[in-house]
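Colleague: Before I use these coordinates, I would like to go through how the labels attached to them were reached. Could you show me the model and take my questions in turn?

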Amino acid sequence: MKKFFTLIAAVALAASVNAQVLKFDQTYAKGSVPATFSADGLVLTVVDTDGKMAVDDNSQYFGTAESYENFSFRLKSGGKSLTKNNLTLTVPSDGTLKVYVRTGSSSATDRNVVLTQNGTELVNKILLESEAVSVPMTDDKGNTKDTKVFPVISVPVKQGDVAITYPVNSVNFYGFELVKTGTGIYSVNAAVAKKDGKTYNMAGQEVSSSAKGIVIKNGKKYVK
């Protein structure tokens, strides 16, 4: 980059959105009451009175058509006791909660996932197979193939507990992601113009030291 434009763009702001993701692993013991999963400040409490829940290999990739992730494992749920307040997710701050979950089929009408916080229903969503789309995805071996991906439940939440409920039919949870409200400025970097004695015009092009008009030399403007 030319020195003049380096000087004009001396201050660069580095802004970043904080994202926290909870993924499952294979440490869950079936029938544990309650069980907890935690990662990046997110804590999920699972009540498994029937011993029907388990963590196993994720046989399908999951995400959205625009942005997807490869979740290696899934929390597979089921059992007749799974009627309400089965899962409680504790979020560490305000933000947008993304719930990666698969329920339902092309004919399902009752497999809705409900999110509630402080007595207020945040979302009541039926996820259907008919909503899935295919995108090219690459596995760990470098093989690429079209794979179904599904909509993600995305909803604003406050710091605290979110109750997640769903009907008795099997539901697969792949992960949870919290995108904190707002962005943070983490650094301010000032680029220092080199004092190399060369002369530049207003377009940032190196010119002869005898050039007329407004020129830049050692980071300073001169009129000749």
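**Labels and their grounds**

Modeller: Let us begin with Asp40, which counts as partly exposed because its relative accessibility is 46%, a value that lies between the cut-offs of 20% for buried and 50% for exposed. Please keep in mind throughout that this is a predicted model.

Colleague: Where does Asp40 lie, and what makes its backbone worth a remark?

Modeller: Asp40 belongs to the loop between β3 and β4 (42-46), and its phi is positive, about 55°, although the residue is not a glycine. Most residues other than glycine have a negative phi, which is why such a value is pointed out.

Colleague: Why is Asn118 called exposed?

Modeller: The relative accessibility of Asn118 is 70%, and exposed means over 50%, so Asn118 falls in that class. Asn118 is found in the loop between β11 and β12 and, without being a glycine, also has a positive phi of about 55°.

Colleague: How do you know that β11 and β12 pair, and which way do they run?

Modeller: Pairing requires at least two bridges, and six bridges join β11 (residues 112-117) to β12, so the requirement is met, with the two strands running antiparallel. One of the bridge partners can be named: Thr116 is matched with Glu121 in β12. The two strands form a hairpin with two residues between them, and it is in this hairpin that Asn118 takes its positive phi.

Colleague: Which sheet contains these strands, and what makes β3 and β12 its edges?

Modeller: They belong to an open sheet of six strands in the order β3-β4-β9-β16-β11-β12, with antiparallel pairing. β3 (35-39) and β12 (120-126) each have a single partner strand, so one side of each is left without a neighbour in the sheet, and that is what places them at the edges. From one strand to the next, the twist averages 20°.

Colleague: How many helices and strands does the whole protein chain have, and how much of the chain is buried?

Modeller: The protein chain has one helix and 22 strands. Of its 224 residues, 36% are buried, the label being given under 20% relative accessible area. The accessible surface comes to about 12400 Å², of which 50% belongs to carbon and sulfur atoms.

Colleague: What share of the contacts joins residues 24 or more positions apart?

Modeller: Among contacts in the protein chain with a separation of 6 or more, such pairs account for 65%, where a contact means heavy atoms within 4.5 Å.

Conventions. Residues numbered from 1 in each chain as written. Predicted model: local features only at pLDDT ≥ 70, side-chain atom pairs only at ≥ 80, totals over all residues. Heavy atoms only, no water. Helix = DSSP H or I, 4+ residues; strand = E, 2+ residues; numbered from the N terminus. Axes fitted to C-alpha atoms, helices over the stretch in contact; angles between N-to-C directions. Buried < 20%, exposed > 50% of the residue type's maximum accessible area, 1.4 Å probe, protein only. Areas by Shrake-Rupley, 256 points an atom, 1.4 Å probe, with all protein chains shown as cover.
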